[in-house]
Amino acid sequence: MDVALRRMRPEDRNEVKEIEREAFAPLGVGTPFKREMNNRYARYLVAYFPEPPESRVQPEPPVLEDSSESADVSIWSRMLKNVQALVKHDERTSTGKESDIAGYLGVWFQGNEAHITEIAVRETLRGQGIGELLLIGSLRAALEYGSSVVTLEVRVSNFVAHRLYEKYGFKSAGVRKGYYADNREDAVIMTTSPIHSETYRELFRELQEKYPDRWREIRIEN
């Protein structure tokens, strides 16, 4: 699945809001994206599908050599159409078009610190390296902006996210007690070492080189 990164555009807002509601609904998060997109101290990135929906790979029914099984083929075809219709319905946004946005990320620049405020991927697309791609984009943005370190908060129980952030050099720097409004769960504050240091740049370079071996080429566009 080909996924690329670029800055959020006005036409992305409806889809991004859907992903935000899916990921953060219990927290009552409602980011004013229209305003934040014009904030020079913030950057919002989206992971999106560069190809139009009709060009994306669709599942093929198995080929049955015995012509006497034509009835089975007909049943399979009907089942396949029903499954494809459900998938397309699930991917449709409130605007009525198929989904182009797989996930998004927000980062604020505060003094010498870049703070990741939100990172979310559509539930049906998780576990495919999209969150990691967004994280790479945020770190590149921080380097470009001239930030010294990158910080974020993550739920104590979100071990998958912990492993990803630790892989990219984030370490625990404290705890915010009862940070999450839905269940009063604590948040772990995580921060990198100085990202302009030779040690960190080498780590980041190696991780970016390894990423395509498992997932896809890194494509970051304007």
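**Entry 1: a pair in the sheet**

I began with one residue, leucine 45, and found that it stands opposite leucine 105 in β3. I kept in mind that this is a predicted model. Next I looked up the strands behind that pair. β2 and strand β3 (residues 101-110) are joined by 7 bridges and run antiparallel.

**Entry 2: the other neighbour of β2**

Which strand pairs with β2 over 4 bridges? I found strand β1 (residues 4-7), and the sense is again antiparallel. I picked out one bridge here. Alanine 4 has tyrosine 48 of β2 as its partner.

**Entry 3: how covered is β2?**

I went along strand β2, residues 42-48, and checked burial. How many of its residues are buried? I noted 7 of 7, so I wrote the strand down as mostly covered; buried here means under 20% relative accessible area. Then I sorted the residues by direction. Ala42, Tyr44, Val46 and Tyr48 point one way. Arg43, Leu45 and Ala47 point the other way. Both sets are buried. Leu45, where I started, belongs to the second set.

**Entry 4: helix α5**

I moved to α5, which spans residues 159-167. Which of its residues are buried? I listed Ala161, His162, Leu164 and Tyr165. Looking down the axis of α5, I see the buried residues within an arc of 165 degrees, so they line one face of the helix. I added a general reminder for myself. An α-helix has 3.6 residues a turn, so residues three or four places apart point the same way.

I checked the other side of α5 too. Phe159, Val160 and Arg163 are exposed there.

What do the buried residues of α5 pack against? I found two strands from earlier in the chain, β4 (113-121) and β5 (149-155), along with helix α4 (130-145) and strand β7 (187-191). I also looked at what follows α5. Glycine 169 comes after the helix, and its phi is positive, near 85 degrees.

**Entry 5: the whole chain**

Last, I stepped back to the full protein chain. I counted 6 helices and 7 strands. Along the sequence their pattern reads β-α-α-β-α-β-β-α-β-α-β-β-α. The chain has 222 residues, and 40% of them are buried.

I then looked at contacts between residues at least 6 apart in sequence. Of these, 72% join residues at least 24 apart. For the surface, I noted about 12900 Å² exposed. Carbon and sulfur atoms supply 51% of that area.

Terms used. Residues are numbered from 1 along each chain as its sequence is written. This is a predicted model: local features need pLDDT of at least 70, side-chain atom pairs count only at pLDDT 80 or more; totals for chains, interfaces and linings use all residues. Side-chain values use heavy atoms; hydrogens and water are left out. Buried means under 20% relative accessible area, exposed over 50%, partly exposed in between (1.4 Å probe, protein chains only). The arc is that of the directions from the helix axis to the C-beta atoms. Contact means heavy atoms within 4.5 Å. Two strands pair if DSSP finds at least two bridges between them. Accessible areas come from the Shrake-Rupley method with a 1.4 Å probe; for residues, only the protein chains shown count as cover.
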